[in-house]
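Please open the model in your viewer and keep the selection panel at hand. The tour below proceeds from single residues to chains and the contacts between them.

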Amino acid sequence: MPPPRTRGKGLRHRLAELRGPETQAKALDARALAALAANPGCRRRAILDGAGVNKAALASALGSPSVFGQSQFAFVRGNAFEAKVKADGGTELLRLAHEKLDRGAEPPAEARVPDLTAQGPEGRTGRTELALREAAAEPGVWTLLDHPMLALDVAGSPAFLEPDAVVVHPDGSWTVVEIKSFPMLDGAADPAKVGAAARQAAVYVLALERVAERLDPPPRVRHRVLLVCPKDFSNLPTASAVDVRKQRAVTARQLARLTRIEEIADTLPEGICFSPELPAEQLEQAVEAVPATYAPECLSACELAFHCRDRSRAAGAVTSLGRPVRAELGGLTTVGDVLAAARGEAGDPDDPAVAALRRAAALRAEALASAAEREVAGCR
Amino acid sequence: MSLISTLARLEAVDTGRAQPAATVRHRHLSERPLVFVPLITAGEAGAPLGALVGTDRDAPRLLVVPQPRDRELRFAFLADLADVVLPYVDGFADAVEAAERSETDPETGKRVKVEVELCADAPQLIVPSRAGVDLVRLLGRSMRFRRTAEQDPETPFPAPPRVPLLGRWLTHFGERARVPGSCLLLAMTDVLGRHWATGQSTLEDQHLGALLAWIDPPEGRSGAEAAQEAELARDDDGQLVCPPAGPATDPAFDNKLLAPAIERYDRARTALAAAEDGVEADDRLGALTAAEREIHALVESRTRPTWDAVWRGLDLLRELPEGARVEERWTRDRWSFTSHRDRVAAGEPPQPRRDDAVTAANKLAAREREQARLEAQEALDDPLVMAARRLSGEAFAGEVVDVVMAYSESKRPSPRPLVTVRTDDRPHLGERVKAYRSLGGKPQTAEFVEFAAGPEDGLLVLRIMDKMGRGKEPKPGSVPEKGDRLCFTLFEHEPRGGAKLPDPEETPWTHGGPPGEEPAPEPADPVTEEDVL
Amino acid sequence: MTAPVEETVFDPGSAAARATDAILHDTLHGAARGVVVDSPPGAGKSTLVVRAALELAEAGRPLMVVAQTNAQVDDLVLRLAEKNPDLPVGRLHSSDSDPYDKALDGLDQVRTSAKAADLAGLPVVLSTAAKWAHVKNVEPWRHAIVDEAYQMRSDALLAVAGLFERALFVGDPGQLDPFSIVGAEQWAGLSYDPSGSAVTTLLAHNPDLPQHRLPVSWRLPASAAPLVSDAFYPFTPFRSGTDHGDRALTLAVPSDGSSPDRVIDEAAESGWGLLELPARHTPRTDPEAVGAVARVVRRLLDRGGAAVSERSPDPTPLTADRVAVGTAHRDQAAAIRAALADLGVPDVTVDTANRLQGREYDVTVVLHPLSGRPDATAFHLETGRLCVLASRHRHACIVVCREGVTDLLDDYPSTEPVQLGTLVKFPDGWEANHAVLSHLAEHRVRWRP
């Protein structure tokens, strides 16, 4: 259930306080979405991303800098590829959209490419919406929106999103376009990267649906997005339609749940602030005030992961060894408790987790002893 | 994850050192493996930056592409790589032993034994990590369709014949690596991770330096500290002290060291091209050589630590005794090598881009069979692996407490002795569930009859079914005796072969029907205008 | 809520008959080489297979039947024999010991053999896909029926498809998908991906084949069909063959007020019951949950349950053979069996979802796959697993679960890889789980020990 409007305003103010005075909120970028996907249950991540805190700066201020960086080779290559895809009024891009998504339509010949430049994110969002309205008013042609800007309400604050492109089909429907520089080799691509692109595109689909709702009649936002990548070992573009219905459903639910950050914010002591300008000690306390659910998957998704890993290890959490490790341990959550239970020093022997641990420990000891015996025998 | 391996990881946290996950070595290690430590350029599909490669740990061959976007230089790198890899591979092609294989006689349709060659040994490629295996596949794919001048005099960038050949071999290595338990191409992190449990997650185990730090930490330091340092420590220049095992490089290295060096190289090259006379050219050639040397040094500085780490990993693995059934699986690798050698010799075309329906189904069946074989063999070879199967109820060990002779109810009664085993294990048994024990390396079958008392008492009555000879009295030693300690598995020791699939020409209508006439040879990848990948 | 007036009265009997007629018409007289039939739980798939087999045999078309397990094959042989005792039937079996149900030996018209040649000329020959794959060099059959085709892997169909000219493919798309024990990613996106389902491959290569579905579940009661249909068959909805009030579950012994009794009453009344234990992370064989399942079963039998249904106007006693317990894991099933034995209930079927596929009971008690888990995994979220567990009953289904599964689902990482060119499998296990849980929440009884 959406929070009452008035509280939403209060929350916005509260989040600004958490972010620190004068600090611009960081947009919900691809990295934040990846972190959300990797660990939707982490309250620390939820509040920091919800408040638009720059987690990379925060991690550095905490003394556990994130390791994400981009090679300039990849950067240059990515930009060059995107430029190539969109060159010449987006001819190639629209050809791919026609071929992969909408063969029944007229091939794109005279496409409209409206100018979307405007001041600031709000201005650009308004300009994008206007362009979409205009396209809806005059259907029957292909329209390419190059780097449109969309806004999505995330926990009471608008998050600005910038898809690579949006295509308006002659039938008035809209398609999200993602341009990535990983290759499609013989028609296949790295499934992890395609998955990340699909989740990113799903957010854009949700944001476009908000825009569509405001139009009458509301245009259809297609749930198959166009993923454009270099073909094989070349830099020639190729594309594939990706069905993002699943990712859209999951993300919609996760974003709806982001309203929970209000609950989280309410549990924080007054005066807490995550501004990277603050001394490390104070920041450490602030971060500790929100519980994290660290798992190794965070390392490749969240800027704060190394800080959380240190804490998780120091607390002896078994999850720091991986989520699956917990599966058979029941209520035992720390390395010390598990080992004590396995060694018979603690734990209720009627608890099946404890009983299984003891059997496992006995079988392991027996196996290692028999191997040692064999080794001794082998020496003779 | 089995509780046994979970415990091993927790013990590793507790002791600060990796704990055994195996008591024998489950993978074959060649006496002369070829180690390959490649680096690639960020953002490009399979654009090599350089590599260390070779069989001598003290003298690796350094190969470098000073400007990875330059097609000529990339192709020269691949040709140089072929010069190292192919002689190594060929070195195993000629020493053969005679072997037999069943084949279908084309005239009679019967299965007949034919005498064939089997290479006495096979090459073994070792890369640092799983990403290295993927790169081997990618390089194979990028090379095997290249055209030589002989094939196509018009081709704009003809490849020396050894380049497509290397592509075919790397493709073969890459495909073989998908077969469970195969050892023609190994990733060091996988092999180490199979044998040791560290105090970190399997994701973090993908970092070769961190993994080794847990297995063999430096004097006086814990695995956790050493691993964290291997992962994160940077020098004053902001560079990782332990560079990633590749093939991807650290962005800080790319941006701070490599990019400026490549820029200097490019400038020197442009300057040389613009030289107006011999003297100027000589000078500028010197500058170019210096710039090139600088990139060589950079690539070597990022690959050499990994190169040494791979060899250290090999040392550690060699300390483990080889599992009893490893040799048998290596023989399958030798068959694989031999048959690819024969395909190349017979002039068959390179592996297609995509498997046809029958080939894909055959490969999947073979891999499932090998997975079952690997799981069974590792358990039989290693009490620690068997312990996990016992814990999960798929095997049990115990002492024979009673043997009663009994016979089958047929015209010629055969021995079917009833054996009572006392065990603390809790196998998933039901009426007539089959159990197998290893008797002289061969599986002997038993059937579960009943619990002698309640299921809690651990007294199992089994009926021995086979391997007792043809006579009325069982062969000596073929029936367990009172006091024997035995281990039975509920899984079969030898996977059963599946049914033969139709030939590709007989692909049924449900799967697209037979392929068209003579399949056209796979086209080469088109060469694009720009000189970038 | 009132029913929309414009909707004509749905007559399940004639809807099902129309579907069956169309299927048989396409099978016997159609031009297409294949006919695909989707059959939701309890929609009369076996009846259809038997009827199609008899009609094909009558039309003089030599028929082979492919099923996936020996039990399925034996079941079909027995049903055929029951329907037409004069029809000679061949049962092709493996050369293992005990390869088929001994009951077949008592039937004169059934010939059994491990060699296809011995059965040549019989109007109908039945076997498993695995055994058929070994049959070589024979004249192809005019017709085949492939049963449980959605549980058959593409490579298994490849191995047998050369044996027949045309085929009727029947199966339930909502149950557990086939799987492979090794990675098969390299073929993802190929139309003939060997690890995919036989139907996926078949339709990718033959998109114009007629596809039918059986529109009525005769098993699921009116209380269950809408939920199961919406959650697991969003694109191929089905209805219940019976209406609210056609079936009733009564209990002779009144409730003692305990939570097992209260959840039994709730389920008897509404068709669903959720017995919710307090949130706690537990190992798979959570003793409290296992004990709660056993208690519920014990009370079900003790309270003199009786089922009234369209099958018989007289109440049928709810005996142990009409009740089943479903779990996700074998060790959970074993623990529940032991707990039931302790309570003196030896005869109730307790099995995993995989083994309960295709079976039917009056009442089922299900230990929720995610109950007490510290983490959800793809295995536990698999749609087919929950679908099987939630669709075995004719009267009522009682789910035993710890609180906190909704949060567990919400915390589940959504980092699934995506393979280009593959069809997205719908519904998503994550969403289906949410749908089932929110429905169950309306029938919640909290556990009081």
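Begin by selecting C:Arg142, which sits in strand E6 (residues 141–146) of chain C; helices (H or I, at least four residues) and strands (E, at least two) are DSSP runs, numbered from the N terminus. The model is a predicted one, in which local features need pLDDT of at least 70 and side-chain atom pairs count only at pLDDT 80 or more, while totals for chains, interfaces and linings use all residues. Residues are numbered from 1 along each chain as its sequence is written, and chains are lettered from A and ligands numbered from 1 in the order in which they are written.

**Two stops in chain C**

C:Arg142 counts as partly exposed because 15 C-beta neighbours lie inside 10 Å. By the criterion used here, a residue is buried if 20 or more other C-beta atoms lie within 10 Å of its own, exposed if 12 or fewer, and partly exposed in between, with C-beta atoms placed from the backbone. Next, add C:Arg61 to the selection: 81 residues separate C:Arg61 from C:Arg142 in sequence, yet their C-alpha atoms are 6.0 Å apart in space. Leaving aside neighbours within four places in sequence, the contacts of C:Arg142 are C:Arg61, C:Pro62 and C:Glu165; two residues are in contact if their C-beta atoms, placed from the backbone, lie within 7 Å.

Move to C:Lys45, in helix H2 (residues 45–58) of chain C. Is C:Lys45 buried or exposed? C:Lys45 is buried, because 20 other C-beta atoms lie within 10 Å. Its contacts, apart from neighbours within four places in sequence, are C:Ser39, C:Val170, C:Asp172 and C:Leu214. Select C:Glu148 as well: C:Lys45 and C:Glu148 are 103 residues apart in sequence and 9.1 Å apart from C-alpha to C-alpha.

Now colour chain C by pLDDT, the predictor's confidence in each residue, from 0 to 100. The average for chain C is 92, and 98% of the residues score at least 70. Over residues 1–7 of chain C, however, the pLDDT is below 50, and this stretch has zero contacts in the model beyond near neighbours in sequence. For the model as a whole, the scores are ipTM 0.91 and pTM 0.93.

**Chain A and its side towards chain B**

Select chain A by domain: domain 1 comprises 5–24 + 39–68 + 263–317, domain 2 comprises 72–243, and domain 3 comprises 328–379. These bounds come from an automatic or database domain assignment. Between domain 1 and domain 2 of chain A, the C-alpha centres lie 32 Å apart.

Then display the residues shared between chains A and B: 41 residues of chain A are in contact with 43 residues of chain B. On the side of chain A, two or more residues come from each of helix H5 (72–101), helix H12 (335–342) and helix H13 (352–379). H13(A) gives the largest share, twelve residues. By class, this side of chain A has 24 nonpolar, ten polar and seven charged residues. Here Ala, Val, Leu, Ile, Met, Phe, Trp, Tyr, Cys and Pro count as nonpolar, Asp, Glu, Lys and Arg as charged, and the others, Gly among them, as polar.

**The nonpolar cores**

A nonpolar core is a set of buried Ala, Val, Leu, Ile, Met, Phe, Trp, Tyr and Cys residues joined through C-beta atoms within 7 Å. The largest has 228 residues, and those with the most contacts inside it are A:Val177, A:Val205, A:Leu208, A:Val228, A:Val338 and B:Leu166. Its largest share, 13 residues, is given by helix H7 (residues 191–213) of chain A. Another core, of 144 residues, lies apart from it and includes C:Val146, C:Leu214, C:Val323 and C:Ala335.

**Chain B**

Finally, select chain B, which has twelve helices and 15 strands. Of its 533 residues, 43% count as buried. The C-alpha trace of chain B spans about 100 × 70 × 40 Å along its principal axes.

Within chain B, show helix H7 (residues 223–232), whose buried residues are B:Gly223, B:Ala224, B:Ala226, B:Ala227, B:Ala230 and B:Glu231. They lie on the same side of H7(B) because they cover an arc of only 165° around the axis, the arc being that of the directions from the helix axis to the C-beta atoms. These buried residues pack against helix H1 (3–15) and helix H6 (208–215) of chain B.

The last selection is the contact of chains B and C, which takes 22 residues from chain B and 23 residues from chain C. The side of chain B that touches chain C has twelve nonpolar, five polar and five charged residues.
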